[in-house]
Amino acid sequence: MRMSFDEQAGSYEERAGLPEAVCCEVAALALDGASGLVLDVGAGTGAIGRELASRARYLGLDMSRPMLRQFDAPRLQADADGRWPLAGGSAGVILFSRSAHLLKSETVLAEVLRVGKSGARVLIGRVRRPRESAPERIKREMQQRLRDRDLPGKNGERATRDFLDALEQRGATRLPERWSAEWTEDEAAIDSFTSWRGKPGLGGRAVADGVKAQILDELQLWAEEQFGDLHARRAVPRRYRLEGAQLAG
Ligand SMILES: C[S@@+](CC[C@H](N)C(=O)[O-])C[C@H]1O[C@@H](n2cnc3c(N)ncnc32)[C@H](O)[C@@H]1O
């Protein structure tokens, strides 16, 4: 199920932005040991892209023009699920920052192998919260409730693992995971519900409106029993994780 970021372009950084220090750190980690053009796939508003562009030859790709308009660096509007507007062997780093889970792995794999030069680094970045934090436990419970109804949602962790495994099968070498320093954000458990109710589908898949409402109503009761007041804001730690693989040299 495709989700457009066009409408949230103006508010994206406020809602999901990363601290500037984290963007700098992630850009440095992404460029460590790399050379050549840095391709930022699903560049969005350029949170990491701005930092990359200040340190390396850079190109951001995104399907959403409104998202791309939020920053000023070399960038192109393109659907990353199709053929990328780049010559074969032209990128030294291919970064998917918080975007890999939105793309079709098979097409992306073929384009990564075509556009990545030999020895290119393919990096997948995500923000992680502790497994036992309330929002993560609520998310897992939501995914379980979808599975209980034979409606399995998308599993981003598994998709990343499968994607990197597929690269390894084509001669790439796995890179060690890199983590940013920790930061915290105030978050209320109700925020997850507000976000899920405001988007089509659930868990990254289509779900009938009635079924979705029932799952979320029941889940909210469960969460209230587990965590008390869902409106209470608490500092939830976060770290940005980069996983990746280096294409055969
Ligand atoms: C969650 S945002 C991440 C933005 C940025 N990389 C970051 O870390 O802040 C995901 C971005 O991927 C883009 N995107 C989703 N599907 C895409 C596709 N098929 N082709 C290109 N971009 C896509 C969205 O438009 C959005 O800007």
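A residue counts as buried when its relative accessible area is under 20%. Keep that cut-off in mind for this predicted model, because Arg98 comes in at 19% and therefore counts as buried.

Let's start with the ligand. It has 20 residues around it, and the closest are Gly42, Asp62, Ala80, Ser97 and Arg98. By class, that shell splits into ten nonpolar, five polar and five charged residues.

Now for the polar contacts. Arg98 puts a side-chain N or O atom 2.7 Å from an oxygen atom of the ligand. Gly42 works through its backbone instead: one of its backbone N or O atoms sits 2.7 Å from a ligand nitrogen. Then there is Tyr12, with a polar side-chain atom 3.5 Å from an oxygen atom of the ligand. As for the ligand's surface, it would expose 600 Å² if taken alone, and the protein buries 96% of that.

Back to Arg98, since its backbone deserves a look too. You'll find Arg98 in the loop that runs between β4 (91-97) and α5 (105-115). Its phi is positive, at about 55°, even though Arg98 is not a glycine.

Further along the chain, have a look at Asp150, which lies in the loop between α6 (134-148) and α7 (156-169). Asp150 is not a glycine either, and its phi is also positive, near 60°. So is Asp150 buried or exposed? Exposed: its relative accessible area is 68%, and the cut-off for that label is over 50%. To put the two loop residues side by side, Arg98 is buried, whereas Asp150 is exposed.

Note on methods. Residues numbered from 1 in each chain as written. Predicted model: local features only at pLDDT ≥ 70, side-chain atom pairs only at ≥ 80, totals over all residues. Heavy atoms only, no water. Near = heavy atom within 4 Å. Polar contact = N/O pair within 3.5 Å; in protein donor to acceptor, adjacent residues only side chain to side chain. Areas by Shrake-Rupley, 256 points an atom, 1.4 Å probe, with all protein chains shown as cover. Nonpolar A, V, L, I, M, F, W, Y, C, P; charged D, E, K, R; others polar. Helix = DSSP H or I, 4+ residues; strand = E, 2+ residues; numbered from the N terminus. Buried < 20%, exposed > 50% of the residue type's maximum accessible area, 1.4 Å probe, protein only.
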